[in-house]
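Colleague: I haven't looked at this one before. Could you put it on screen and let me ask a few basic questions?

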Amino acid sequence: MAKKSKIAANERRKAVVRRHAERRAELKEIIRTGGPQERADAVRELARQPRDASPTRVRNRDSIDGRPRGHLSKFGLSRVRFREMAHRGELPGVTKASW
């Protein structure tokens, strides 16, 4: 189980990313296609945004206990939780391989 403070901080980051996503996309497009002066202004404004507005700062965590490592994005679970739930048959369509 991850610390509650780490899980809460990650949720705050997700909210900040959602709040700034539209403006960041506009600025990125200007940087990609604009002229030299427009590009410089967009880079400056992008740098002024909060650090946590970048989606790369959000950590993929287990949806049940918040474990940060070994995350399987298809299921939203860590490898440990995935294995436990698969063995108990709680994940539809997932079976243990044997050969």
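Colleague: Let's begin with one residue: is Asp 65 buried or exposed?

Modeller: In this predicted model, the cut-offs go like this: buried means under 20% relative accessible area, exposed means over 50%, and partly exposed is in between (1.4 Å probe, protein chains only). Asp 65 has a relative accessible area of 10%, so Asp 65 is buried.

Colleague: What kind of model is this, by the way?

Modeller: Residues are numbered from 1 along each chain as its sequence is written, and side-chain values use heavy atoms, with hydrogens and water left out. Local features need pLDDT of at least 70, side-chain atom pairs count only at pLDDT 80 or more, and totals for chains, interfaces and linings use all residues, as this is a predicted model.

Colleague: In what order do the elements run from the N terminus on?

Modeller: Helices (H or I, at least four residues) and strands (E, at least two) are DSSP runs, numbered from the N terminus. The protein has 3 helices and 2 strands. From the N terminus on, they run α-α-β-β-α.

Colleague: And what is the radius of gyration of the protein?

Modeller: That radius is taken over C-alpha atoms, and the globule rule is 2.2 Å times the number of residues to the power 0.38. For 99 residues the rule gives 13 Å, and the protein is well over that, so it is more spread out than a compact globule, with a radius of gyration of 19 Å.

Colleague: What does the C-alpha trace span along its principal axes?

Modeller: Only 24% of the 99 residues count as buried, if you want the burial figure alongside. As for the C-alpha trace, its spans along the principal axes are about 60 × 35 × 15 Å.

Colleague: Back to Asp 65: which residue does its side chain meet in a salt bridge?

Modeller: A salt bridge here is a side-chain nitrogen of Lys or Arg within 4 Å of a carboxyl oxygen of Asp or Glu. The side chains of Asp 65 and Arg 81 come to 2.9 Å, N to O. The pair links distant parts of the chain, 16 residues apart: Asp 65 is in the loop between H2 and E1, and in helix H3 (residues 79-88) sits Arg 81.

Colleague: Which residue forms a salt bridge with Asp 52?

Modeller: The closest N and O atoms of Asp 52 and Arg 13 are 3.4 Å apart. Asp 52 lies in the loop between helix H2 (36-48) and strand E1 (71-72), so the pair ties together parts that are 39 residues apart in sequence, the partner in helix H1 (residues 4-33) being Arg 13.

Colleague: Which residue meets Glu 45 in a salt bridge?

Modeller: Glu 45 and Arg 23 come to 2.8 Å, N to O. Glu 45 lies in helix H2, so the pair ties together parts that are 22 residues apart in sequence, the partner in helix H1 being Arg 23.

Colleague: How many salt bridges does the count come to?

Modeller: The protein has 27 positive and 12 negative side chains, where Lys and Arg count as positive and Asp and Glu as negative, leaving out His and the chain ends. With the salt-bridge rule, the count comes to 10.

Colleague: Arg 24 is buried yet has no salt bridge, I hear; what is the nearest side chain of opposite charge?

Modeller: Arg 24 is found in helix H1. Contact means heavy atoms within 4.5 Å, and Arg 24 touches residues including Leu 46, Gln 49 and Pro 55. The nearest side chain of opposite charge is 10 Å away, and that's Asp 52.

Colleague: Also in helix H1 is Leu 27. What is its relative accessible area?

Modeller: Leaving out residues up to four places away in sequence, Leu 27 touches Ala 42, Glu 45, Leu 46 and Gln 49. Leu 27 is buried, with a relative accessible area of 1%.

Colleague: Last one: how many Å separate the C-alpha atoms of His 71 and Ile 30?

Modeller: His 71 is in strand E1 and counts as partly exposed, at 24% relative accessibility. Beyond its neighbours within four places in sequence, its contacts include Asn 60, Gly 76 and Ser 78. His 71 and Ile 30 are 41 residues apart along the chain, and the separation of their C-alpha atoms is 34 Å.

How values were computed:
Charge placed at Lys NZ, Arg CZ, Asp CG, Glu CD.
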